[in-house]
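Here are my comments on the model you sent, set out as numbered points. Please read them with the structure open beside you.

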Amino acid sequence: MKNNASLIYNACLVVGDFLALVAAFVTAYILRVKLDPRPLIEPIHALNYLGIFLTVLPFWILIFALLGLYDHNIYEKRFKEFGRLLMGSFVGLMFLVFWNFVADKPIFPARLVPIYGFVLGFAFLVLFRNLARLIRTELFSYGVGLTKVLIVGNTAMTHELVETLKRSKQSGYKILGVVGRKEFVPSAKIPTFPSFGHFLSQGKVQDLHGIIQTELYADESKNAQILSYAQQHHINYRFVPGNTELFVGNIQVELFRGSVPVIAVHQTALFGWGRIVKRLSDLFFGILLLILASPILLLVAIAIVITGNRPVFFRQDRLTRFDRKFKVFKFHTQYAKYDGTTPEEAFAMMGKPELAKTYRENGDFLADDPRVTRVGKFLRATSLDELPQIFNVIKGDISLVGPRALIPQELALYKKRHTILSVKSGITGLAQVSGRRDISFEERRRLDLYYAQNWSFWLDMSILAKTIRAVLKSQGAR
């Protein structure tokens, strides 16, 4: 029983994108032709201009579709949608320019018209998409457009799914029930059923859009009954494996030896061409950042020398991809006698071992850390102490974005360190932009794991954008 709400929303996006682009290029025509007194390349009547543009516009919408802008998995990923809208707008503009080049007569009365249209089109598209998302979320509050699902299973994942989906306005889902024991269902408002057959007998199946199964029964006939019912009634079916860590990252379904279907699970999504793209982007942005930051690097170095806390740079062994050690570059922010020590060792040296526990419980942070110099406190508060790591990025030791580079002792006892170290460490990362020092050590390592297993170029761009915002606001840098 297909949920038509998603299809309707897609149709609205197509119509809205179409109208946003029409409005943008009509406005561009008015700005350049009607309001600008400068002469035109070709005097094209407004109706002729509009007719030509409407003829070409379906190809632009097709470009959006090919970029996945009408796929349901992009609805809530704002930064990815933003990037694809920008890319789609640029490709669409190039298509118009090409059309103008091969056409018998120019389709633009002036060169500024397509430029105005591109800028306004992108702005109108972003505005419309955010408005559409807001309206859709509000409709969820009234039960309109919700995807109604049944959860089957007695596992911890059942509890997690219920917690995730029960707030319909945020999730867009409504849980009709759970086939399982009550102990896995934290909300009393969600009914439970002893078996799938019992749920069917309650007569609620006419509203069912999807089934999520969190465990396989020992009795294979029960599994077959659920899957067969979903297929026969065109209901979306999903299975959540018990070992969820096995199925994160990059997954490929392939024929092994040409005949046996197998699921290949890679430790990280960052391999092949992804590594090449990431390295090239690190070099480009790293060199650009080094050029822009050179005056700041010089001023900070002078300040450290004047205050007598030499050497200027602090170098320490850290871990990066494949357990490789490297020397990280940072500005010297703590007293030299504590260099090369763990926080536990440093606080023990000063006779205050109790501070180590407070430091760890507070997310590796102390408001008045006695190891840090006065200049160092300012550098840490503004994140300027991290700038020399640009040299590590250019060298290839680390990336701009990745799990935080930790000393070997900090990762030695962490059971999942092999997954974190399947990618290069980074200056910034998902953990830093998700709270920086406001979250615990364990939570930051979980975010590092997520990044390693779910890397994408757009995720990197999103983290870089959030890092800039966090630094400008001094968010979490205390």
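**Notes on the predicted model**

1. I begin with the buried side of helix α4, whose buried residues are Val113, Pro114, Gly117, Phe118, Gly121, Phe122, Leu125, Arg129, Ala132, Arg133 and Phe140. Please keep in mind throughout that this is a predicted model. An α-helix has 3.6 residues a turn, so residues three or four places apart point the same way. That is a useful thought to hold while looking along the buried positions of α4, among them Gly117, Gly121 and Leu125.

2. The same helix deserves a word on its geometry, since α4 covers residues 112-141, which makes 30 residues, and spans 44 Å from its first C-alpha to its last, close to the 44 Å expected at 1.5 Å a residue. After the helix comes Gly143, which has a positive phi near 80 degrees.

3. Turning to aromatic contacts, a search of the whole structure finds twelve aromatic pairs. In one of them, Phe82 and Phe122 meet edge-to-face, with 5.1 Å centre to centre and 75 degrees between the planes. Because Phe82 belongs to helix α3 (residues 78-102) and Phe122 to helix α4, this pair ties together parts that are 40 residues apart in sequence. The two partners are worth inspecting separately, for Phe82 is partly exposed, with a relative accessible area of 37%, whereas Phe122 is buried, with a relative accessible area of 15%.

4. Another aromatic pair is formed by Phe193 and Phe199, again described as edge-to-face, at 5.2 Å centre to centre and with 80 degrees between the planes. Both Phe193 and Phe199 are buried, and ring pairs link these two residues with Phe196 and Tyr229 into a cluster.

5. Which rings have the charged end of an arginine sitting over them? The charged end of Arg136 is placed over the ring of Tyr9, 4.7 Å from its centre, and the charged end of Arg371 is placed over the ring of Tyr359, 5.2 Å from its centre.

6. The next element to examine is an open sheet of five strands in the order β3-β2-β1-β4-β5, with parallel pairing. Its edge strands are β3 (192-193) and β5 (236-239), each of which pairs on one side only. Strand β2 (residues 173-179) pairs with β3 in the parallel sense over two bridges, and Thr192 in β3 is the bridge partner of Val178. Helix α5 (residues 156-165) packs on this sheet, where it touches β1 (147-152), β2 and β4 (210-213), and its direction makes about 155 degrees with that of β2.

7. Further into the sheet, β1 and β2 run parallel and are joined by six bridges, with Gly177 in β2 as the bridge partner of Leu150. Four bridges join β1 to β4, and these strands also run parallel; here Ile151 stands opposite Ile212 in β4. Helix α8 (residues 220-232) lies across β1, β4 and β5, and runs at about 155 degrees to β4.

8. I would also look at Tyr217, which is found in the loop between β4 and α8. Its C-alpha atom is separated by 8.6 Å from that of Gly153, although the two residues are 64 residues apart along the chain. Leaving aside residues up to four places away in sequence, Tyr217 touches Val152, Val179, Lys222, Asn223 and Ile226.

9. My last point concerns backbone angles. Most residues other than glycine have a negative phi, and most peptide bonds are trans. Against that background, Asp323 has a positive phi of about 65 degrees although it is not a glycine, and Asp323 lies in the loop between β8 (313-320) and β9 (324-331). Ser383, too, has a positive phi, near 65 degrees, in a residue other than glycine, and Ser383 lies in the loop between α12 (374-381) and α13 (389-395). Is each of these residues buried or partly exposed? Asp323 is partly exposed, with a relative accessible area of 40%, whereas Ser383 is buried, with a relative accessible area of 12%.

Methods:
Residues are numbered from 1 along each chain as its sequence is written. This is a predicted model: local features need pLDDT of at least 70, side-chain atom pairs count only at pLDDT 80 or more; totals for chains, interfaces and linings use all residues. Side-chain values use heavy atoms; hydrogens and water are left out. The expected span of a helix is 1.5 Å times one less than its number of residues. Buried means under 20% relative accessible area, exposed over 50%, partly exposed in between (1.4 Å probe, protein chains only). Rings of Phe, Tyr and Trp (its six-membered ring) pair if their centres lie within 6.5 Å; planes under 30 degrees apart count as stacked, over 60 as edge-to-face and the rest as tilted. A charge sits over a ring if NZ of Lys or CZ of Arg is within 6 Å of the ring centre and within 35 degrees of the ring normal. Two strands pair if DSSP finds at least two bridges between them. Contact means heavy atoms within 4.5 Å. Axes are lines fitted to C-alpha atoms, for helices over the stretch in contact, and angles run from 0 to 180 degrees between N-to-C directions.
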